[in-house]
Amino acid sequence: MKIFLGPGGNCISAKDRTTLGSFERLVELQLNFQELEFVRKVYLTEKTAQEIGQRAKELGISLTAHAQYAINLCSISKAVVEASKRMILEAARISETVGSNAMAIHSAYYSGQTPEQAIETLKRNFEDILDKMKQEGIKKVKLGVETMAKESQFGTLDEVIKLCRQVDVIPYVDWCHIFVRNNGRIDYAEIFDKLRVLKLDHIYSHFSNSKYSLNSKKFLDAHVPMNSHPPFEPLAKEILKRKVDITIISESPVLEDDSLKMKKTFEKLGFKF
Ligand SMILES: [Zn+2]
């Protein structure tokens, strides 16, 4: 059973705030993972990606990536859809070079489509991207469809699972987004039960906490450091009970600090890293 913990983005406490500097800090902190953020743009060239991938390997750091926020594979604009496909392909290419195992994607807004129509559209568009990846020999990095918080976004857990059964993509489980979309409710056991149908050998996931708004009496899709919304310890317990191979990426504003908190929780429950 393997557990990978680390930040989504470069360590805040690294002396050198570059990706390589962040890796050095991860080693000091004894964390074993980082997600590379291509959310604004793919910031690595082929050459730097090779160097970074090599260094990660030497240091025993596992990697994933996060694709651009501008992606919308269900847009009514054909130009936006084509640009989204190109963005995913570009990010996948560099992810592959760097040795990343998976890539998180905010795949779409419904953009006027029903969830069923959106699944059809996404299936078609992902098939297209996967074909191109195959032609280019990109075969390691898995495309991860993230579970999303907003009602306007494709990506309840059920929708993501449905899509993953029809096309060769995997779920990227954002625990906080699921919690927010269900307005402060999450049942970890139920989620693992639902995922079982996909027979995944590894689960990729994001964890952070959400902010509660006293005004709207709602949990917001705004990340805050770990407090208890949603709680982490029951998730850790469920993972250990089920012996799930998992990556948990901290998307908290204090990034690696919360990864260390997660690590302590697992250790308290008897897990040895
Ligand atoms: Zn995300």
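What spacing do the donors of the zinc ion follow along the chain? The spacing is H-x39-H-x39-E. This is a predicted model, in which local features need pLDDT of at least 70, side-chain atom pairs count only at pLDDT 80 or more, and totals for chains, interfaces and linings use all residues. Residues are numbered from 1 along each chain as its sequence is written, and side-chain values use heavy atoms, with hydrogens and water left out.

Start at the metal. The protein donors are His66 (NE2), His106 (NE2) and two OE entries from Glu146, lying 2.1 to 2.5 Å from the zinc ion. Donors here are N, O and S atoms within 2.8 Å of the metal (3.2 Å for Na, K and Ca); water is not among the atoms, so sites may look incomplete. The angles among the 4 donor atoms run from 54 to 147 degrees, and the site is irregular. Four donors would count as tetrahedral if all angles lay between 85 and 135 degrees; four count as square planar and six as octahedral if opposite donors are over 155 degrees apart and all others between 65 and 115; anything else is irregular.

His106 sits in the loop between β4 (102–105) and α4 (115–136), while Glu146 is in strand β5 (residues 142–146). The pair is 40 residues apart and links distant parts of the chain. Helices (H or I, at least four residues) and strands (E, at least two) are DSSP runs, numbered from the N terminus. His106 counts as buried because its relative accessibility is 14%. Glu146 is buried too, at 0%. Buried means under 20% relative accessible area, exposed over 50%, partly exposed in between (1.4 Å probe, protein chains only).

Now take Glu251, in the loop between β10 (246–250) and α9 (256–268). Glu251 touches the zinc donor His66. Its other contacts (heavy atoms within 4.5 Å) include Glu35, Asp174 and His223. Glu251 is buried yet has no salt bridge (a side-chain nitrogen of Lys or Arg within 4 Å of a carboxyl oxygen of Asp or Glu). The nearest side chain of opposite charge, Arg40, is 11 Å away. The side chain of Glu251 does make a polar contact with the side chain of His206, at 3.4 Å. Such a contact is a pair of N or O atoms within 3.5 Å; within protein, one must be able to donate a hydrogen and the other to accept it, and residues adjacent in sequence count only if both atoms are side-chain atoms.

Glu96, in helix α3 (residues 78–98), is also buried without a salt bridge. Lys139 is the nearest side chain of opposite charge, 6.3 Å away. The backbone nitrogen of Lys139, however, lies 3.0 Å from a polar atom of the Glu96 side chain.

Key:
Lys and Arg count as positive and Asp and Glu as negative; His and the chain ends are not counted. Lists of a residue's contacts leave out its neighbours within four places in sequence.
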